[in-house]
Amino acid sequence: MSGPASATRDDRPGPSEGAAAEPIRATDLSVGYEGRSIVAGIDVTVRPQTSLALVGTNGSGKSTLLKTIVGLARPVGGSMTVFGHPPGASPRRIAYLSQFHASGFVLPLRAVEVVRMGRYPELGLLGRMSTEDHDLVAWAMRTMGVDRFCDQSLRSLSGGQQQRVYLAQVLARRAELIVLDEPTAGLDAGARETYLEAFAAELIRGAALVTATHDIAEAAEYDQVMLLARRVVALGPGREVLTPEALLETFGMFVRGAGHLGRFIVVERGGREVDPHGHIDLDD
Amino acid sequence: MLRALTAGILVSISCSIVGTFVVLRGLAFIGDALAHGVLPGVAVAILIGVPGMVGAALGALVMIGGVSLVQARSRLSSDTAIGLLFVGMLALGVVIVSSSSTFSGDLIRILFGELLGVSVEDLLLQAVVTVGVAVVAFVCARPFLLLCFDPEQAQVAGFSARAYHVVMLLLIAATVIVSFQSVGTLLVFGMLLAPAGAGALIARRIGAMMAWGIAFGTIATYVGLLLSYHLDTAAGATVVLVAVVIFFVVLLVQNVRAHGVAPTVVA
């Protein structure tokens, strides 16, 4: 794993150098682990204030692509730049929410301390939390509706409450590129609405957003959707890409929709052959 | 006796600071391996007439190198490889010691320490290392916390997960090395785990966990020394035994309170 680039600390994009410093630019990118490719031939650009949803089954390469963006996995082939630099070189500009938090149950941590971690990249080793930092933490917790759990220990919270604390940590980062892996896992309907509103506001603030999700309704609202099934099935605006045929190809399953996009229900049919057309019933 | 108490308290402080991260990161097994890996180093050092601590440091470094190599190379079960590494080092240590007939007393001393025979110089060195451990832990508190929370999060936040992991291992090694003379290589592990573990059961914050650990360790040192004096038992072992008993008493009390077996307080 490479450390942060030391030469150019102040690499924030000026108004003139837009193209070079886009949040994400991937050209013929292959992602995978230990030299083995899982998804190849990814060409995608994510600009500031735009969003990209990754949709696919578990094992389709979504998480691997996200890990490559944040610098946890090396590109297996092709090229990728994040703000014009190799992935992992701009830690202060990126927020990342991973799918699993194994140690959340063991740590003697209060919820507020987890959210404060969102300020660590800015603060470094010994920088003191300023009033502004404290305000940001308080704002993030209010926004995700977890301010009342502030002083409770993380392990005393439910899974959904913990997830909202993690999302508050991401908000507190004030990142220019936000990368989320299955952010709605464990959230109830109300918390999901809170999450959607909060991160729509992050887009307006200027951040770029990349989200791996199973939630077709959420994905449909994104500027770009990438359907993944160990290869790029489709990439484009949500409403064009999320066709029943493409979804069937992505999930290899039975898709039932009520009304237009936004209310797809995806039903997994492990192993069973499904007739590509016979079982798709969009307008019932 | 006062020297033994001071040594015990210094061991408690450094072990609680380092032990907190050992417990939270689930490094118990690596801590154990480090503690035992020190043995052949000490044995060789005594054999060739170098201070035991130098050998201990070399043994610990070899162990850290071995553990890191194992973790980088094997994806499946690093605990098997680490386990073999530490048993191998332990066996090597005993083999080296047993090859010389003058060593049998030394072996007991290395394994179980000599809390009552600590010299003033040992104490000074221990104090210096304890302060050093505390300073490094303070400076690295944020990356350490991120590592405990989620190593990937630490990496993405710009704190090299691998580098800080090695710093953490070096802190464990430093603690083991200066503590082995008082509580021995076998027992230092108990002081790493028991007080910090008891602290983890009680505390809601990392700092509080360390403070509880230091308190428990100090109590264990005092009570253990008192008991060993009156019962004429091995000092280091008695101290560690008390620390472990404290852990299980705290665990029991917590469980009783959690399951409301004895609900004396109504909120």
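A crossing of two helices is left-handed if the near helix is turned anticlockwise from the far one by less than a right angle. Keep that in mind for chain B of this predicted model, where the crossing of α1(B) and α7(B) is left-handed.

**The helix pair in chain B**

Let's stay with those two helices. Helix α1 of chain B covers residues 2–25, helix α7 of chain B covers residues 141–149, and their axes come within 9 Å, crossing at roughly 25 degrees. Angles under 35 degrees count as roughly parallel, so α1(B) is roughly parallel to α7(B). Who does the touching? On the α1(B) side you'll find Phe21(B), Leu24(B) and Arg25(B), and they meet Phe144(B), Leu147(B) and Cys148(B) of α7(B). Sorted by type, the residues of this contact come out as 5 nonpolar, 1 charged and no polar.

**Chain A at a glance**

Over to chain A, which has 9 helices and 11 strands. The chain runs to 284 residues, and 45% of them count as buried. Take the contacts in chain A with a separation of 6 or more: 65% of them come from residues 24 or more positions apart.

**A three-stranded sheet and its helix**

One part of chain A worth a look is an open sheet of 3 strands, antiparallel in its pairing and ordered β2-β1-β4. At its edges sit β2 (36–46) and β4 (77–81) of chain A, each pairing on one side only. On average, neighbouring strands of this sheet are turned by 35 degrees against each other, direction ignored. Within the β1(A) and β2(A) pair, Gly32(A) stands opposite Ser37(A), the latter in β2(A).

The sheet has a helix for company: α1 of chain A (residues 62–69) lies across β1, β2 and β4 of chain A. Relative to β1(A), this helix runs at about 120 degrees.

**A hairpin further along**

Strands β8 and β9 of chain A form a hairpin with 3 residues between the strands. Arg230(A), in that hairpin, takes a positive phi near 60 degrees. As for matching residues, Leu228(A) has Val232(A) in β9(A) as its bridge partner.

Here are the two strand pairs of chain A set next to each other:

| Strand pair | Residues given | Sense | Bridges |
|---|---|---|---|
| β1(A) and β2(A) | β1(A): 24–33 | antiparallel | 7 bridges |
| β8(A) and β9(A) | β8(A): 224–228; β9(A): 232–236 | antiparallel | 4 bridges |

Notes: Residues are numbered from 1 along each chain as its sequence is written. Chains are lettered from A and ligands numbered from 1 in the order in which they are written. This is a predicted model: local features need pLDDT of at least 70, side-chain atom pairs count only at pLDDT 80 or more; totals for chains, interfaces and linings use all residues. A residue is buried if 20 or more other C-beta atoms lie within 10 Å of its own, exposed if 12 or fewer, and partly exposed in between; C-beta atoms are placed from the backbone. Two residues are in contact if their C-beta atoms, placed from the backbone, lie within 7 Å. Two strands pair if DSSP finds at least two bridges between them. Axes are lines fitted to C-alpha atoms, for helices over the stretch in contact, and angles run from 0 to 180 degrees between N-to-C directions. Angles under 35 degrees count as roughly parallel, over 145 as roughly antiparallel, 65 to 115 as roughly perpendicular and the rest as oblique. Ala, Val, Leu, Ile, Met, Phe, Trp, Tyr, Cys and Pro count as nonpolar, Asp, Glu, Lys and Arg as charged, and the others, Gly among them, as polar.
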